[in-house]
Amino acid sequence: MTIINQHTNQSSTRRSWRHAYPAIALLLLGGISGCQTMTPPTHTGHQSSLVSPSHFAKSTLANAIGEHLSQERYAVATYRTKVSPLFSPDDIDAGADNLRSSIIKTYEYTLNQANHEADSAVFRTLDDYMTHPELPYLRYDDEQAGKEPQTVINRHIGMSEEYQGVGRTIEQIDNALYSCLLVNSHDLDTVVRQNPAITSGDKAVKQIFAQVDTCIQTAHDDLRPVQTQAQGYQLDDIANIKQCAANYRTGIKQALAKNRRHAILDGQNYDDYDAVYRNFDACNTSTKLSLDPYAYINLQYTERQLNQRFIRAQCSSLARQRQQALIAEGKNYTQHADDYLQNYYNYLICLDDHTSQILGADKVITQPIQSLTQADEVWDKFNDAQTDETDSNKTNWLDQYKKMKQSGQVEVGTAAIDDIAKARQGSHVYAGMIGAMLEQAKQTPAQINAQNTYYYDHATVTTLSHHQPALAKWDYLIDMNYQSATANYSVQLPISFNLGQNKLTADVSAGLPILAMMMPQNAPLPSEVPKGLVDFGMPKQLQGVLPLAVVYQAINEANIKLFESLDDELFTAVDIRQDDFAKQLGATSAVKLHIDAHVIGKNIGMIGKYIAQNLKQHIDTHPDSYSDGQLTQAKIHALIDDWLLINQGHHTNDVGDVFMLINSILPINLYGSGYYYLNAQGKLIGVQTVQTLEEPMQQQKRQTIVQTRYGKAYFDKMPLAGQFRQTFANNTAVNGNAWLTKLKQETMLAHKAAQYRENQALLIELDQDTPQPSDSTP
């Protein structure tokens, strides 16, 4: 392998591009043997008053490439790869993680620690609770208060699937009722805000009242059969659900009565009406807090989380009792809305007091509440105060990173994973897995050396190509070789691109065995492909519509224009006196071209613009080609015009910027340079590219050297030159489009057959589930 040590140092301005675009990089760096016809460019660009030496290097290379692309040519390219550690042992970065890995590991560590702390603080486990199944099944609030409901069941019954099934049904009915009343409450809010003087006698209000009645009646009907199976707390829940809903229905009718104390419900007077829903919400809260042992054990609640719910349950129960006391005193929303508003305010005060006493939180109510606006502010502060944050979430990223490194979790690997998994009782068996995988992905020097010793040192890819610009035809032969003391194989893949005839021809002999293993029912037999050649043409709907020769010409033109538009400083004349490859070629000079992600993106942007421009010109000069079929000239024109319009909205440099953004996101770096060798007449006679793929997560880099020689004399010396000519001189190719069409039809038929079988199976299953009529005669 020839490595140009004195020419491969990267400048400080070097950017990297991603592995997603290697073909384009090869086209620009060294694969120009496959480019298309172009006349040499005439350089009439802007001449600055100060011209750097790089400008002359650029001009020389651009002229050479322009001449090169206009001529018939033969090329031989050789690819060799070597892997090496990303850093040397004494490098300042040796042993360090890249930023992306550090962020991932720290995030995972933080999450695992938070889960571990939460699990360690779980109030009660199932095993602990069921140690005495004969004890009463008490909700957390009753257990803390030391009281029992009127009907008591034991823990064995309470934790049974039958009891919990009834509880889930009650919960579903309650949620459906709550949602139904909430929707109608919103509708009623809209009506009242639009007409603050509206009363319960209004048609719109009556319609909403009727919907509320329907919601409640539906819930009663659903609860009736469930009530016969209910036990213990479930009986209280059913009674509370009914009571809260009944109080809401009565309350909205009272609040909108004609003789209410405020005829106009606007401003703060609107609170008289809104107090009804606020009290309903406070009343209904206690049935939704998951204070049953079955719920809080399965949800793994901590004592703090249970205390938060205990506080709301207690205050909700007090609010419901006070509301019932107001009703017993004969007070209603029509004339005594203040009392009901105060009941809701007292509910918030209760939450604040109990949170301070039980959880040790600071009080949020510092002055009397006099409106629902103030109540909403208190509620927001109260929710913020109850946010259950662990210490891990409160610390910053740097603190967590330090803890992660000090804990040795990542370095220890499986031991740390086992410890966390055991601590979490099997609920998070994959804790720390990502960090361990990132560690496993790192390649040791021994592993890297093994890759070279057993593969890369013995593997070579050679390509032979013949480009005929006049015919828009490019013949290509890929030769993959592996030679070692224990193994020796060689695989060739000939491909011919005949863009003038809109077809591709490939020798698939080497691929037939693989195809036979993957798709034995569809793979052609060797006798069906006697010479191994298969032709693939354009789809029928695109034949005559998308001329590849025009696209081909546009790509080539874009590549030439790219060289003219690139910054002069990307081109450098290099000293080749110690360059072995230059001596082999007989080169007298060389120019180095550096390409980064921005240049790759700019090139793609230019190709897109030139294709659109050239296609429009072709359509205008060949209207007869678009008179029939689905894609008429008008439709094609509309598509191209839209394309051109988009092109007017961005610069090719903008596409380069997008590629730079992609470059910064992907976890790999691909960078390199191309060395273009010229003879004494200024003609291009060879190219050498040096490409390096950095893989920070694997802590390795792959360097690929591609050496391309131009000229028929060297081409004819290659052992495969005869096979190359013989392969492409053969015109007995099989129609690949017919094979693809047959494969597509068979795949569609198989899919339809599978669908039919599924439908038939479903019909049989439904038929079996349908009750059959009795054979007995009445």
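Which helix is the place of Asn-184? Select Asn-184 in your viewer and follow the backbone around it: this residue sits in helix α7, which covers residues 161-194. Before going further, keep in mind that you are looking at a predicted model.

**The whole chain**

Zoom out for a moment. The chain has 778 residues, and 43% of them count as buried. Its secondary structure comes to 29 helices and 12 strands. Colour the surface by atom type if you like: the accessible surface is about 41100 Å², and carbon and sulfur atoms hold 53% of it. Among contacts with a separation of 6 or more, 73% join residues 24 or more positions apart.

**Stop 1: Asn-184 and helix α7**

Go back to Asn-184. Is this residue buried or exposed? Its relative accessible area is 5%, which is under the 20% cut-off, so Asn-184 counts as buried. Now show its surroundings. Leaving out residues up to four places away in sequence, Asn-184 touches Ile-208, Gln-211, Val-212 and Cys-215.

**Stop 2: the largest nonpolar core**

Next, select Leu-181, Leu-188 and Leu-348. These three touch the most other members of the largest nonpolar core, a set of 73 residues. Which helices each supply at least two residues of this core? Colour them one by one: α7, α8 (203-227), α9 (233-255), α10 (270-284), α11 (293-298), α12 (303-328), α13 (337-359) and α14 (372-385). The helix that gives the most is α7, with 10 residues.

Stay with Leu-188 and display its contacts. Not counting residues up to four places away in sequence, Leu-188 touches Val-205, Ile-208, Phe-209, Ile-252, Leu-256 and Tyr-273. Ile-208 may look familiar, as Asn-184 touches it too.

Apart from this core lies another one, of 39 residues. Select Ile-65, Leu-69, Val-545 and Leu-562, which are among its members.

**Stop 3: helices α2 and α22**

Leu-562 leads you to helix α22, residues 548-565. This helix has 18 residues and reaches 25 Å from its first C-alpha to its last, close to the expected 26 Å. Try drawing that distance in the viewer. The buried residues of α22 include Val-550, Tyr-552, Ile-560, Leu-562 and Phe-563.

Ile-65 and Leu-69 take you to α2, where both are buried. Other buried residues of α2 include Ser-54, His-55, Lys-58 and Leu-61. With 17 residues, α2 reaches 25 Å between its first and last C-alpha, close to the expected 24 Å.

**Stop 4: salt bridges**

Side chains of opposite charge can pair when their charged atoms come close. The count here comes to 26 salt bridges. Here are some to visit.

- Select Asp-568 and Lys-58. They form a salt bridge, with their closest N and O atoms 3.2 Å apart. Asp-568 is in the loop between α22 and β7 (571-573), while Lys-58 is in helix α2, so the pair links distant parts of the chain, 510 residues apart. Both Asp-568 and Lys-58 are buried.
- Select Asp-272 and Arg-261. The closest N and O atoms of this salt bridge are 2.8 Å apart. Asp-272 lies in helix α10 and Arg-261 in the loop between α9 and α10, so the pair ties together parts that are 11 residues apart in sequence. Asp-272, at 7% relative accessibility, counts as buried, whereas Arg-261, at 32%, counts as partly exposed.
- Select Arg-278 and Asp-376. Their side chains meet in a salt bridge at 2.9 Å, N to O. This pair links distant parts of the chain: Arg-278 is in helix α10 and Asp-376 is in helix α14, 98 residues apart. Arg-278 is buried, with a relative accessible area of 14%, while Asp-376 is partly exposed at 32%.
- Select Asp-97, Lys-105 and Lys-442. These three are linked in a network of salt bridges.

**Last stop: a patch on the surface**

Finally, turn on the surface and select Leu-99, Ile-103, Trp-397 and Leu-398. Together they make a nonpolar surface patch of about 410 Å². Which helices each supply at least two residues of the patch? They are α3 (99-120) and α16 (397-407). Click on Leu-398 to end the tour: its place is in helix α16.

Methods:
Residues are numbered from 1 along each chain as its sequence is written. This is a predicted model: local features need pLDDT of at least 70, side-chain atom pairs count only at pLDDT 80 or more; totals for chains, interfaces and linings use all residues. Side-chain values use heavy atoms; hydrogens and water are left out. Helices (H or I, at least four residues) and strands (E, at least two) are DSSP runs, numbered from the N terminus. The expected span of a helix is 1.5 Å times one less than its number of residues. Buried means under 20% relative accessible area, exposed over 50%, partly exposed in between (1.4 Å probe, protein chains only). Patches are made of residues with over 30% relative accessible area and no salt bridge: like charges are joined within 9 Å, nonpolar side chains (Val, Leu, Ile, Met, Phe, Trp, Tyr) within 5 Å. Accessible areas come from the Shrake-Rupley method with a 1.4 Å probe; for residues, only the protein chains shown count as cover. A salt bridge is a side-chain nitrogen of Lys or Arg within 4 Å of a carboxyl oxygen of Asp or Glu. Contact means heavy atoms within 4.5 Å. A nonpolar core is a set of buried Ala, Val, Leu, Ile, Met, Phe, Trp, Tyr and Cys residues joined through side-chain atoms within 4.5 Å.
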